[in-house]
Amino acid sequence: RHVTKLQLPSEYVGYVSYVTEKASDLEQIYGKQYQTIVAAAIYIICSLSEEKYRRSAKEIGQFVGVAEATVRQARTDIAPDLEKVLPPQFKPTEPLSVIKGVDTKKRPMSVEADGRAAKR
């Protein structure tokens with residue numbers, strides 16, 4: 001349903017279902033809402049697709065009913081296992097590094113001399 005609303009090709013329904021199913025089994029996804037995983041799956045597939053099918057996390061989140069930051073975080077959580085969750089018949093037009101290149105490490109917090117967190 002979300003794939004149709006986002007005007008994506010019909011074969012994306014199968015791709016998103018596959019990613020959602022495989023990602024649901026990942027330890028780092030445990031406890032996330034189903035809609036969050038669906039939104040992240042759509043975002044991953046769109047990010048690896050040709051430009052006319054790319055959708056922003058904000059746009060996907062609005063259609064699925066999930067916050068943009070939640071979509072991005074779920075995508076980041078799935079990124080280390082990207083090869084495991086992509087359907088074999090899906091042919092990315094973008095390198096997997098588009099997703100895997102997501103900086104999954106938190107930047108160290110800058111600390112002022114008095115011990116307070118520095119403003120960025």
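## Exercises on a predicted model

Phenylalanine 90 touches Tyr15, Ile45, Leu48 and Ser49, leaving aside residues up to four places away in sequence. The model is predicted.

**Exercise 1. Place phenylalanine 90: which element holds it, and is it buried or exposed?**

Step 1. Find the element. Phenylalanine 90 sits in the loop between α6 and α7.

Step 2. Apply the cut-off. Buried means under 20% relative accessible area. Phenylalanine 90 has 6% relative accessibility, so it counts as buried.

Step 3. Take one contact, Ile45. Isoleucine 45 and phenylalanine 90 are 45 residues apart in sequence. Their C-alpha atoms are 8.7 Å apart in space.

**Exercise 2. Classify the ring pair of tyrosine 12 and tyrosine 53, and say where each residue lies.**

Step 1. Start with the count. The model has three aromatic pairs.

Step 2. Check the geometry. Tyrosine 12 and tyrosine 53 are 5.7 Å apart, centre to centre, with 65° between the planes. Planes over 60 degrees apart count as edge-to-face, and this pair is edge-to-face.

Step 3. Locate the partners. Tyrosine 12 is in helix α2, while tyrosine 53 is in the loop between α3 (34-47) and α4 (57-64). They are 41 residues apart, and the pair links distant parts of the chain.

Step 4. Add accessibility. Tyrosine 12 has a relative accessible area of 6% and is therefore buried.

**Exercise 3. Do the same for tyrosine 15 and phenylalanine 90, then name the aromatic cluster.**

Step 1. The ring centres of tyrosine 15 and phenylalanine 90 lie 5.0 Å apart. Their planes stand at 70°, so the pair is edge-to-face.

Step 2. This pair also links distant parts of the chain. Tyrosine 15 is in helix α2, phenylalanine 90 in the loop between α6 (82-85) and α7 (97-100), 75 residues apart.

Step 3. Tyrosine 15 is buried, because its relative accessible area is 13%.

Step 4. Tyr12, Tyr15, Tyr53 and Phe90 form one aromatic cluster.

**Exercise 4. Which residues does threonine 20 touch?**

Step 1. Threonine 20 lies in helix α2 (residues 11-24).

Step 2. With 3% relative accessibility, threonine 20 counts as buried.

Step 3. Beyond four places in sequence, threonine 20 touches Tyr34, Ile37, Val38 and Ala41.

**Exercise 5. Where does pLDDT stay under 50?**

Step 1. Take the chain as a whole. Its mean pLDDT is 81, and 81% of its residues reach 70 or more.

Step 2. Find the stretch. Over residues 103-111, pLDDT stays under 50. The model has twelve contacts beyond four places in sequence for these residues.

Step 3. Draw the consequence. Predicted coordinates should not be read in detail where pLDDT is low.

Conventions: Residues numbered from 1 in each chain as written. Predicted model: local features only at pLDDT ≥ 70, side-chain atom pairs only at ≥ 80, totals over all residues. Heavy atoms only, no water. Helix = DSSP H or I, 4+ residues; strand = E, 2+ residues; numbered from the N terminus. Buried < 20%, exposed > 50% of the residue type's maximum accessible area, 1.4 Å probe, protein only. Contact = heavy atoms within 4.5 Å. Phe/Tyr/Trp six-rings, centres within 6.5 Å; stacked < 30°, edge-to-face > 60°. pLDDT = per-residue confidence, 0-100.
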